[in-house]
Amino acid sequence: MAKKPVIGLLGGGQLGRMLQEQAMLLGIEIVVLDEDNCPTRQINYNHKHVTGSFKDPERIRELARSCDVLTVEIEHVNTEVLEEIATKGVEVGGQMKKVPVHPSWETLRLIQDKYLQKEHFGKAGMPIAPQMSIDSGPSMLDSLQKAAKTFGFPFMLKARKGSYDGRGNFKVSGGADFEEAICDMGKLSLYAEKFMPFKHELAVMVLRTEDDEGKLKDVYAYPAVKTVHEDSICTKVFYPPPQVPTDVCEKARKVASDVIRTLKGRGVFAVEMFLLEDDKLVINEVAPRPHNSGHYTIEAVPSMSQYRAQLYSILDIVPASINLQPRVSGAIMLNILGGAQEDSHDSLVDLTHSLYNDDMDIFLHLYGKSSKPGRKIGHITVTSYSPDTNLEQLAGPLIKEVDHIRQDRLDAASAQLRPNAPATSQATSSTSSRDTKNPLVVVTMGSDSDLHVLKGAFEILEHFGVPYDFTITSAHRTPHTMSELAKSAAGRGIRAIIAAAGGAAALPGMLASETTVPVIGVPVKATHLDGNDSLLSIVQMPRGCPVATVGINNSTNAALLAVRILGSSDAGYRQAMADYMQGMSDEVEVKAARLKEIGWKAYLEKK
């Protein structure tokens, strides 16, 4: 009886855990290289487990000695040692044993450098966004200016290597961003990419097969899905993609298949794309492994989920007749991300048990990871067999709870910018400082949908005990009300106006054109352009009509600026601001001392 092959896996996170779950159902042995308490290790107590870093050459060689083929859970691995193992071999009992790597170490190396990855696809005739390499060091500013001249504003500045889940990306909206971009990313290897306004993000998982000589056999594409990214992390996946025509979905499958044909090695690959307004597709990036956008296939395509396909492809046992069409009519995948508190997701988990409907099935996956804000700790898949079912509506309570956890997480992050203790002067703690008759600051917004953005401003004004009022005034829908607010402000004793607006964001500028009172504009992040349209609309005021402008959604800074304006002529507010600033300084000093005392590892665990 032939010996069953053993797969060695570099990385034992949630992707490895789900791969291991499928392997157990198929009787396939996997040996993992990762920390001893990694998620995969929790369900695979294989005595061959290699404890250590999957970037450590010697640990990788140790893993290769006990395996017949190597694969990866994440592409950020040491490709030099993988090349050595695949081409020269690893010593076992005095003999050199070559261990194949799938996908190929050549593909992994190419994918690791996003600039070279897209250059490769572009040369193969695949649709990519125009891009250019960016110099680091003293000449970086010249490179950024050249990119601005070539692409215009905005453009994307991206790290070539190591970026993941949106990290390593910087949107350059104007020349004023150059200094921050250099400060934040100047030490990285970078490239610039033309900004491509898109209406949807699509993803297609593709299964690639090849023979032992490295010759392509075939590629098989799963259906296209729509992915939703918030805070640079995928939060939701929809199959079939809503508002995306069938022919566009088929075109996406073809593009994805053609892309994967240009690579080497076996396995499943994720091809992420932007769908532009004219229905053209542009490749965003490729992941050479199972992917977040393919989690739904565990339940939607159980006979050949992305994890089963990965195993079959690596071992070259893909059935001659393969069907990747989901057995369900619709599926929604929701990522469970860590919230503001360690137990923030408990309510979402409880909801999966209590929410019941004959037209919907709910599947919960937890990864065995501790909860930290924004960390992927699980996912939920909701499916339906009936094409007449409004699955998004049925899953509404789950989607709402996911959004609620996110908002709490954002609010907690915003709160870190706010004072932790009352200031010593004007601040009040137990009663509201709202004063509808004699406010010093008025906060207004173009729509009630902007209200959540202004929470930080309200809290700051309350904290400093500033008499304030708030209202809704639209520059376009209620121009007379807006004009009256502006013209009457100085006479009412108002010393500053905070105005929040999204989209065209005309409100702050229109107010400033009709009042001598300082106006502070808060750009609101809208649906399509991440608030950059609002930011530019507010900050690019014509000469003679200034509007102070803060960062997108940063109403906290708007209120702090209003307090400073008050402090210019009021010693009480001036002292309160000085105390606040000292409090921030003291807080940093405490954190620095704590870090020095307990070390970075213990600090991160407590954090």
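These exercises work through parts of one predicted model, each with a solution in steps. Residues are numbered from 1 along each chain as its sequence is written, and side-chain values use heavy atoms, without hydrogens and water. In this predicted model, local features need pLDDT of at least 70 and side-chain atom pairs count only at pLDDT 80 or more, while totals for chains, interfaces and linings use all residues.

**Exercise 1. The sheet**

Work out which strands stand at the edges of the open four-stranded sheet, and why one side of each is left without a neighbour.

*Step 1.* Fix the terms. Helices (H or I, at least four residues) and strands (E, at least two) are DSSP runs, numbered from the N terminus. Two strands pair if DSSP finds at least two bridges between them.

*Step 2.* Read the order. The four strands of this open sheet run 3-2-1-4, and their pairing is parallel.

*Step 3.* Find the edges. Strand 3 (50-51) and strand 4 (69-72) each have a single partner strand, so one side of each has no neighbour in the sheet.

*Step 4.* Look at one pair. Strand 1 (residues 6-10) pairs with strand 4 in the parallel sense over four bridges. Leu9 stands opposite Thr71 in strand 4.

*Step 5.* Add the helix. Helix 2 (residues 57-65) packs on the sheet and touches strand 1, strand 2 (29-34), strand 3 and strand 4. Contact means heavy atoms within 4.5 Å. The direction of helix 2 makes about 170° with that of strand 2. Axes here are lines fitted to C-alpha atoms, for helices over the stretch in contact, and angles run from 0 to 180 degrees between N-to-C directions.

**Exercise 2. The aromatic cluster**

Classify the ring pairs Phe153 with Phe155 and Phe153 with Phe178: stacked or tilted?

*Step 1.* Know what to look at. A pair of aromatic rings is described by the distance of the centres and the angle of the planes.

*Step 2.* Set the rule. Rings of Phe, Tyr and Trp (its six-membered ring) pair if their centres lie within 6.5 Å; planes under 30 degrees apart are stacked, over 60 edge-to-face, and the rest tilted. This rule gives nine aromatic pairs.

*Step 3.* Apply it to Phe153 and Phe155. The centres are 6.1 Å apart and the planes stand at 20°, so this pair is stacked.

*Step 4.* Apply it to Phe153 and Phe178. Here the centres are 6.0 Å apart and the planes at 45°, so this pair is tilted.

*Step 5.* Place the second pair in the chain. Phe153 lies in the loop between helix 6 (140-151) and strand 8 (155-159), and Phe178 in helix 7 (residues 178-185), so the pair ties together parts 25 residues apart in sequence.

*Step 6.* Check exposure. Buried means under 20% relative accessible area, exposed over 50%, and partly exposed in between (1.4 Å probe, protein chains only). Phe153 is partly exposed at 42%. Phe155 is buried at 0%, and Phe178 is buried at 9%.

*Step 7.* Conclude. Phe153, Phe155 and Phe178 make up one aromatic cluster.

**Exercise 3. Salt bridges**

How many salt bridges does a search of the whole structure find? Then examine three of them.

*Step 1.* Start with the idea. Side chains of opposite charge can pair when their charged atoms come close. A salt bridge is a side-chain nitrogen of Lys or Arg within 4 Å of a carboxyl oxygen of Asp or Glu.

*Step 2.* Give the total. The search finds 30 salt bridges.

*Step 3.* Take Arg41 and Asp36. Their closest N and O atoms are 3.4 Å apart. Arg41 is buried at 13%, whereas Asp36 is partly exposed at 43%.

*Step 4.* Take Glu210 and Arg208. Their salt bridge is 2.8 Å, N to O. Glu210 is buried at 6%, and Arg208 is buried at 3%.

*Step 5.* Take Asp316 and Arg266. The closest N and O atoms are 3.9 Å apart. Asp316 lies in the loop between helix 10 (306-314) and strand 17 (330-337), and Arg266 in the loop between helix 8 (246-261) and strand 15 (267-276), so the pair ties together parts 50 residues apart in sequence. Asp316 is partly exposed at 29%, while Arg266 is buried at 5%.

*Step 6.* Look for a network. Glu58, Arg61, Arg65 and Glu84 are joined into one by salt bridges that share partners.

**Exercise 4. A glycine in a loop**

Is Gly338 buried or exposed, and which residues is Gly338 in contact with beyond its neighbours within four places in sequence?

*Step 1.* Locate Gly338. The residue lies in the loop between strand 17 and helix 11 (346-354).

*Step 2.* Check exposure. Gly338 is buried, at 0% relative accessibility.

*Step 3.* List the contacts. Beyond those neighbours, Gly338 touches Ser371, Lys372, Pro373, Gly374, Arg375, Ile377 and Arg409.

*Step 4.* Compare sequence with space. Gly338 and Arg375 are 37 residues apart in sequence, but 5.0 Å apart from C-alpha to C-alpha.
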